[in-house]
Structure formats: structure tokens, C-alpha cells
Amino acid sequence: MAQPAFSKHRVEALTDGIFAVAMTLLVIELKLPHVDGLVSNGEFMEAVASLVPKFQSWVISFFVLAIFWYTHHRQFHYVRIVDGKLLWLNILYLSFVSLMPFSSALAGEYSRMLFAQIVYSANMTLLAIGGLLNNHYVFHHHELWSEPITRGFYRGSLFRTGGLIAVAIGAVGISMVIPGAGNAAFMLMIPISIISKRLEVPHVSRKSQ
């Protein structure tokens, strides 16, 4: 018995809304430092500098979410219809997206605490796994396609998600040795994203042949 089909546009609208809210909520933790009475310029600069871990957490979380939103947007370019399983895979994936403001705030506020880094890295790992499950399901179910998905696109998405999982694990390891330094590992997502795009190029060009 065929599963009922759902409108892909409703799923895209929900996805865009949750990503937009999550990415907006990230900035709430960047509050102006509270200072009592008159302070010197140096003291004020120190208070602002205390926000650096929160700012770092915001930058990383915002751009990782942006990368995954972009990948999801591109993935749904190939999708014609959404079946029940893909719908729930998306909802599971979005639950990890919606958790990002909390885990990001935790990592920013308690950047030197190993447990905060574990929670943040676990959220990143679950986000990557959610994206991986979505991509795997769509790639292997041709009946959902509006047009063929290139193997290059799939390979690039695997590299990005696998890279994020590896970086998240590495971030915990770094935090065990150097408290507060774990989040720096997520900057590796920049070269990982660049390499993943290059992995797509030969396969994309093959499609036009």
C-alpha cells in the first residue's frame, strides 16, 4: 500500500521557519555587559571582552545552521513529493535545529566546563546525523525525485555531515586538554564546506552530458 504524499512546500515552510527562529534566538545571549557605576574605558573593554566565548559560540552556531539550511534547500530542489517517512525524518532533524540556541548558550556561558562542550558537540552530532538520514533517504528513493540527484551532491553532503561529526568529537577532546578551546575546532567547517563543494563539481558536470 502506497504511503500518502505530503506537500513539499509545507515541509519547506516549516523548515525555513524553524531555522529562522533558531538562528535569531542565538543572538539573544549577546547582551551588553552589565556594569555598576562609572567605570574606566579599560574596565569597560574587559567587560566586553568577557563576551568573546558567547560571540564565538554564536558565530559557529549561526554559520553551521546556515550550511545545513543551504544543504536542505538544495536537497529539496530535487524532491517532488514527501512521503510519511521523509516527513518524520525532517521533523526529527528540525528538533535538533531547535535545540541549538540552548546548547549554544550553554557553550557560550560555561565555555570552560567540559559538560557544556559535550552537550554542544552532541547537539552538533545529532544535527549532522539528522541531515545524513534525510539525504540518505532521499537519495535512495527515486520515486520522490522531481529530477535525478547527482552522486556528487550526495557525496558532498556525506562529507559535510561526516566532517561535522568528526569535528564535534574533536572539540570534546580538545576541551579535555585545554578547557574553553574546544569550540575553535568548529572553524574547520569552513575548509570542510569548501572541499565538499569541490567534491560535487565533477559529478555535476557529468549530468549535463
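**Group meeting talk: an all-helix chain**

Let me start with one residue, P101, which touches A22, L25 and L26 once residues up to four places away in sequence are set aside. P101 sits in helix α4, and with a relative accessible area of 14% it is buried. Before I go further, please keep in mind that this is a predicted model.

So, what does P101 belong to? The chain has seven helices and zero strands, and from the N terminus on the order reads α-α-α-α-α-α-α. Taken along the principal axes, the C-alpha atoms fill a box of roughly 70 × 30 × 30 Å. To give you a feel for that on the screen, find P101 and H142: they are 41 residues apart along the chain, and their C-alpha atoms are separated by 35 Å. Of the 209 residues, 42% count as buried. And if you take contacts between residues at least 6 apart in sequence, 81% of them join residues at least 24 apart.

Now let's stay with α4 and look at its partners. The helix α1 comes first in my tour. The axes of α1 and α4 come within 8 Å and cross at roughly 10°. With an angle under 35 degrees, α1 is therefore roughly parallel to α4. On the α1 side, the contact is made by V11, L14, T15, I18, F19, A22 and L25. On the α4 side you will find L87, N90, Y93, L94, V97, S98 and our friend P101. Sorted by class, this contact has 11 nonpolar, three polar and no charged residues.

Next partner: α5. Here the helices pack at an angle of about 160°, with the axes of α4 and α5 9 Å apart. That angle makes α4 roughly antiparallel to α5. The crossing of α4 past α5 is left-handed. The residues of this contact divide into 19 nonpolar, seven polar and one charged.

Two more residues of α4 deserve a moment. S104 is found in helix α4, and it is buried, with a relative accessible area of 4%. What is S104 in contact with, leaving aside its neighbours within four places in sequence? The list is L26, S57, W58, S61 and Y120. If you remember, L26 was also on the list for P101.

Then there is L106, again in helix α4. L106 has a relative accessible area of 18%; the cut-off for buried is under 20%, so L106 counts as buried. Apart from neighbours within four places in sequence, L106 is in contact with S111, A116 and V119. The C-alpha atoms of L106 and Q117, 11 residues apart along the chain, are separated by 8.1 Å.

Let me step back to the core. In soluble globular proteins, nonpolar side chains tend to be buried together. In this model, the largest nonpolar core has 27 residues, and those with the most contacts inside it are L65, M124 and F186. Which elements give two or more residues to this core? They are α1 (8-25), α3 (52-77), α4 (84-109), α5 (114-139), α6 (151-177) and α7 (189-207). The helix that gives the most is α4, with six residues.

If you want one residue to click on, try L65. Not counting neighbours within four places in sequence, L65 is in contact with F19, A22, M23, L26, V97, M100 and L127. There is also a second, separate core of 16 residues, which includes V11, Y78, V79 and F139.

One last pair, this time without α4. The axes of α3 and α6 come within 12 Å and cross at roughly 155°. The cut-off for roughly antiparallel is over 145 degrees, so that is how α3 and α6 run relative to each other. Their crossing is left-handed. From α3, the contact uses V64, I67, F68, T71, R74 and Q75; from α6, it uses F153, S157, R160, T161 and L164. By class, that comes to five nonpolar, four polar and two charged residues.

To wrap up, the picture I would like you to take away is α4, roughly parallel to α1, roughly antiparallel to α5, and giving six residues to the largest nonpolar core. Thanks for listening, and I'm happy to rotate the model for anyone who wants another look.

How values were computed. Residues numbered from 1 in each chain as written. Predicted model: local features only at pLDDT ≥ 70, side-chain atom pairs only at ≥ 80, totals over all residues. Heavy atoms only, no water. Core = buried A, V, L, I, M, F, W, Y, C linked by side-chain atoms within 4.5 Å. Buried < 20%, exposed > 50% of the residue type's maximum accessible area, 1.4 Å probe, protein only. Helix = DSSP H or I, 4+ residues; strand = E, 2+ residues; numbered from the N terminus. Contact = heavy atoms within 4.5 Å. Axes fitted to C-alpha atoms, helices over the stretch in contact; angles between N-to-C directions. Parallel < 35°, antiparallel > 145°, perpendicular 65-115°, else oblique. Left-handed = near helix turned anticlockwise from the far one by under 90°. Nonpolar A, V, L, I, M, F, W, Y, C, P; charged D, E, K, R; others polar.
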